[in-house]
Amino acid sequence: MELKPVNLYLKKVTEKSAEILYPYLSDLRLYEYLEDPIPTFAEISHKFKFAALEKSPDNDTMVWLKWVATNFRQQYVGIVEIGLFEDGYAEIGFMTFVDFQNQGYAFTYCSLAITEAKQRFGSFTLHASVNEQNLASRKVIDKLGFELYQVNKNAEFIKGKQSDELIYRLLV
């Protein structure tokens, strides 16, 4: 099934965004392929406070860009972040909120984020870490033009078993 292009907008997160987005970000189904537990409201709020300043809460050398994606109805569909380091290394992470998964949104909002980061910071090498079992995220990464760079065998424990971590790379 071919998905139609979607109109999405990125809004920079603020500390106040935590209150609005926490119901979405605390949905257990978002963490199916992650080792991390569901974050508390206090943890989300703390991270958003730093993200609003474009700073990482745990790395002084990183510029941290974080947006929420909204559709034309102003519904929150997902969240995307890019962390950039001085040496041109960067990482992307994204989550599509459950009610909006498998509708083509992630490709669009990740593309918007990559374009905005490139306009602001020029060229960089973007990395994405994806669990081998997360087929939906792998499809998004492939569609964005990333290439498989490294496989970390049995690096994660997902759904009760060891699983590979796939590292993808995109020259932006």
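**Notebook: a loop residue, a strand residue and the whole chain**

Entry 1. I began with Ile-38, which sits in the loop joining helix H1 (17-25) to helix H2 (41-52). I note at the outset that the model is predicted.

I then asked whether Ile-38 is buried or exposed. Its relative accessibility is 30%, so I recorded Ile-38 as partly exposed, since that class lies between the 20% limit for buried and the 50% limit for exposed.

Next I looked up which residues Ile-38 touches, leaving aside those up to four places away in sequence. I found Tyr-22, Leu-25, Ser-26, Asp-27, Leu-28, Tyr-31 and Glu-43. For one of these, Leu-28, I also noted the backbone spacing: its C-alpha atom is 6.8 Å from that of Ile-38, with the two positions 10 residues apart along the chain counted as their separation.

Entry 2. I turned to Thr-96, which belongs to strand S4, residues 89-96. Thr-96 has a relative accessibility of 12% and therefore counts as buried, because the class requires a value under 20%.

I asked which side chain makes a polar contact with the side chain of Thr-96. The partner is the side chain of Tyr-109, at 2.7 Å. Tyr-109 appears again in the list of residues touched by Thr-96, together with Leu-30, Val-77, Gly-78, Gln-101 and Ala-106; residues up to four places away in sequence are not counted there.

Entry 3. I then considered the chain as a whole. I counted 4 helices and 7 strands in its secondary structure. Followed along the sequence, these elements give the pattern β-α-α-β-β-β-α-β-α-β-β.

For the overall dimensions, I noted that the C-alpha atoms fill a box of roughly 40 × 35 × 35 Å along the principal axes. The radius of gyration is 16 Å, which agrees with the value near 16 Å for a compact globule of 172 residues.

Entry 4. I closed with burial, contacts, surface and charge. Of the 172 residues in the chain, 42% are buried. I also looked at contacts between residues at least 6 apart in sequence, and 56% of them join residues at least 24 apart.

The accessible surface of the chain is about 10,100 Å², and carbon and sulfur atoms account for 50% of that area. Lastly, I recorded 19 positive and 23 negative charges, whose mean positions lie 6 Å apart.

Definitions and conventions. Residues are numbered from 1 along each chain as its sequence is written. This is a predicted model: local features need pLDDT of at least 70, side-chain atom pairs count only at pLDDT 80 or more; totals for chains, interfaces and linings use all residues. Side-chain values use heavy atoms; hydrogens and water are left out. Helices (H or I, at least four residues) and strands (E, at least two) are DSSP runs, numbered from the N terminus. The radius of gyration is taken over C-alpha atoms; the globule rule is 2.2 Å times the number of residues to the power 0.38. Buried means under 20% relative accessible area, exposed over 50%, partly exposed in between (1.4 Å probe, protein chains only). Contact means heavy atoms within 4.5 Å. Accessible areas come from the Shrake-Rupley method with a 1.4 Å probe; for residues, only the protein chains shown count as cover. Lys and Arg count as positive and Asp and Glu as negative; His and the chain ends are not counted. The place of a charge is taken as NZ of Lys, CZ of Arg, CG of Asp or CD of Glu. A polar contact is a pair of N or O atoms within 3.5 Å; within protein, one must be able to donate a hydrogen and the other to accept it, and residues adjacent in sequence count only if both atoms are side-chain atoms.
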